[in-house]
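User: I'd like to learn how to read a few features off a structure. Could you take me through them one at a time?

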Amino acid sequence: MTKRSNFPEGGTSWASLKAEMDSLREGDIDWKNGRAPLYVFYNDADTLEIGKRAFNEYFSENALGRKRAFLSVQKMERDVLDFGLDLFSAPDSGHGVFTSGGSESILLAMKAARDTWRARHDGDRGPLNLVMPISAHPAFDKASNLMDIEIRRAPLRDDYRVDVDALGELVDDRTLAIVGSAPCFPHGVVDDIEALSRLAMDKGLWMHVDACVGGWVAPFFAQNGRSTPDFDFRFSGVRSISADLHKFGFCPKPASTVFFRDGADHEPAIFVADAWPNGRFETPTLVGTRPAGSVASAWAVLNHLGTEGYRDVAGRLAGVVDAYVADIEAIDGLRMVATPDLSIINFTSDEVDMGLVADGMKARGWLPGMTQAPKGLHIMMSMFHGPAREDYIADLKEAVAEAREKAGRKAKTEAVY
Ligand SMILES: Cc1ncc(COP(=O)(O)O)c(C=O)c1O
């Protein structure tokens, strides 16, 4: 058992603290050189610096107090949300909320959908279900767990997009919402949002698009002429969209957004209490205090990059993805699980155990990202991964060869997120 740390005496200087941090960090994965398959995102040095500076400008302010104390934060937050409404073609009734992450955005959308269902059914508080692709993110499981919602998982088609007919069959009169991902985390493909939207319209269902990964950059892939599918409010059945700034918006963590086709749709997720001595307490999010630095830095990064900057990074990122895909497909025994719509790649093998390949990559200093169905390797790429490609591919070739030699042995690496 690890020894519990005693409460510190205090008085440690910054120099010593920094030295200790540097030494603690020695065991961390070398993410700056593209050795982490997820968790960190990067465009370029300028974007990073602007994000850091803006965050530090608002290091102490609290976005909880944006309406009363920090009107500048409120203004920046409104701008960021307006930018998103514009990007996602929301109608004039559209409304956005700045949150602290994809999970919070999803939770708010699911709470809004659940309470809207209840309101439409005379306050019926009986059991409800959520129908989603098997590939949807566990944030929906978390939301459902917290709200006692049953999850029904629809299978995928051969191209790893959800089978919309099969999903439709899981829907009944107690379905509070259906979900599509843009893209899904495991296989990196965008579900058929148009067909899901049609289903939602036909059956009068709330449809949520989880664009936590793709949201802030996918439109620019499309603008560059890439075949990345559309996913936004242009499809009439789309009622809410989650989109993370702290992933492919290249903004500092924690920062995400959730958008509603109609401001009234968000109302059930607004928390209000006034029974305590301090009077009315209202938050549009789950958390109370939240970093104003996140708001300021998202505002700064979005203004800095703008259409031109995001188109530029989308173009460079697509180049990195294509180069990895070509190199991986050239390795005997490996194949892509699906053609990536954006920046997530997932590859597998019919010949070697991908768990053994993952072991080999780990031994060579890479943190392996894995999928369990099908068993494969997975990378959510950003610009850190570009310069790492040659080393990654060379090590991957060796790891595949090693896995062939070790065929039949049990792999140590398993799929964990
Ligand atoms: C598709 C998708 N949705 C939601 C989330 C949850 O986001 P967060 O980790 O910011 O809560 C993720 C995280 O990777 C994701 O990939």
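Analyst: Sure. Let's start with burial: a residue counts as buried under 20% relative accessible area, exposed over 50%, and partly exposed in between. Keep in mind that this is a predicted model.

User: OK, so which class does D230 fall into, and why?

Analyst: D230 has a relative accessible area of 36%, so it is partly exposed. You'll find D230 in the loop between α8 and β6 (238-244). Not counting residues up to four places away in sequence, D230 touches I193 and F235. The D230 side chain also makes a polar contact with the side chain of R234, at 3.5 Å. And for a sense of the surroundings, the C-alpha atoms of D230 and G214 are separated by 10 Å, with their positions 16 residues apart along the chain.

User: What about K3, buried or exposed?

Analyst: K3 is exposed, because its relative accessible area is 67%. K3 sits in the segment before α1 (14-25). From K3 to G376 you go 373 residues in sequence and 37 Å in space, C-alpha to C-alpha.

User: Now give me the other end of the scale. Why is S343 classed the way it is?

Analyst: S343 has a relative accessible area of 0%, so it is buried. S343 lies in the loop between β10 (334-336) and β11 (344-349). Leaving out residues up to four places away in sequence, S343 touches F248, L317, V321, I379, M380 and M381.

User: And T348, where is that one?

Analyst: T348 lies in strand β11. T348 counts as buried because its relative accessibility is 3%. A polar atom of the T348 side chain lies 2.7 Å from the backbone oxygen of K375. K375 also turns up among the residues that T348 touches, a list that includes G333, L334, R335, V337, M354, P374 and G376, again not counting residues up to four places away in sequence.

User: Let's move on to helices. How do I describe two that pack together?

Analyst: Two packed helices are described by the angle between their axes and the distance between the axes. Here, take helix α2 (residues 45-57) and helix α10 (residues 292-329): their axes come within 7 Å and cross at roughly 145°. The crossing of α2 past α10 is right-handed.

User: Which residues of α2 and α10 make the contact?

Analyst: On the α2 side they are D46, T47, I50, G51, A54 and F55. On the α10 side they are G293, S294, A296, S297, A300, V301, H304 and L305. Sorted by class, the contact of α2 with α10 has seven nonpolar, six polar and one charged residues.

User: How about a single helix, say α3? What is its span?

Analyst: Helix α3 (residues 71-87) has 17 residues and reaches 24 Å from its first C-alpha to its last, close to the 24 Å expected at 1.5 Å a residue. The buried residues of α3 are V73, M76, E77, D79, V80, L81, G84, L85 and L87. Those buried residues pack against β1 (95-99), α8 (218-223), β7 (256-260) and α10. So α10 comes up again, as a packing partner of α3 as well as of α2.

User: Last topic: backbone oddities. What should I expect as a baseline?

Analyst: Most residues other than glycine have a negative phi, and most peptide bonds are trans. Now look at what departs from that here. After α3 comes S89, whose phi is positive, near 55°. Y160 has a phi near 70°, positive in a residue other than glycine, and Y160 belongs to the loop between β3 (149-154) and α6 (164-170).

User: And what is phi at F250?

Analyst: About 60°, so to speak on the positive side, although F250 is not a glycine. F250 is in the loop between β6 and β7, and F250 counts as buried because its relative accessibility is 7%.

User: Which residues are joined by cis peptide bonds?

Analyst: One cis bond runs from A182 to P183, with omega near -10°. P183 is in the loop between β4 (175-181) and α7 (193-203). Another joins K253 and P254, where omega is about -5°. P254 is in the loop between β6 and β7, the loop that also holds F250.

Key: Residues are numbered from 1 along each chain as its sequence is written. This is a predicted model: local features need pLDDT of at least 70, side-chain atom pairs count only at pLDDT 80 or more; totals for chains, interfaces and linings use all residues. Side-chain values use heavy atoms; hydrogens and water are left out. Axes are lines fitted to C-alpha atoms, for helices over the stretch in contact, and angles run from 0 to 180 degrees between N-to-C directions. Helices (H or I, at least four residues) and strands (E, at least two) are DSSP runs, numbered from the N terminus. A crossing is left-handed if the near helix is turned anticlockwise from the far one by less than a right angle, and right-handed if clockwise. Contact means heavy atoms within 4.5 Å. Ala, Val, Leu, Ile, Met, Phe, Trp, Tyr, Cys and Pro count as nonpolar, Asp, Glu, Lys and Arg as charged, and the others, Gly among them, as polar. The expected span of a helix is 1.5 Å times one less than its number of residues. Buried means under 20% relative accessible area, exposed over 50%, partly exposed in between (1.4 Å probe, protein chains only). A polar contact is a pair of N or O atoms within 3.5 Å; within protein, one must be able to donate a hydrogen and the other to accept it, and residues adjacent in sequence count only if both atoms are side-chain atoms.
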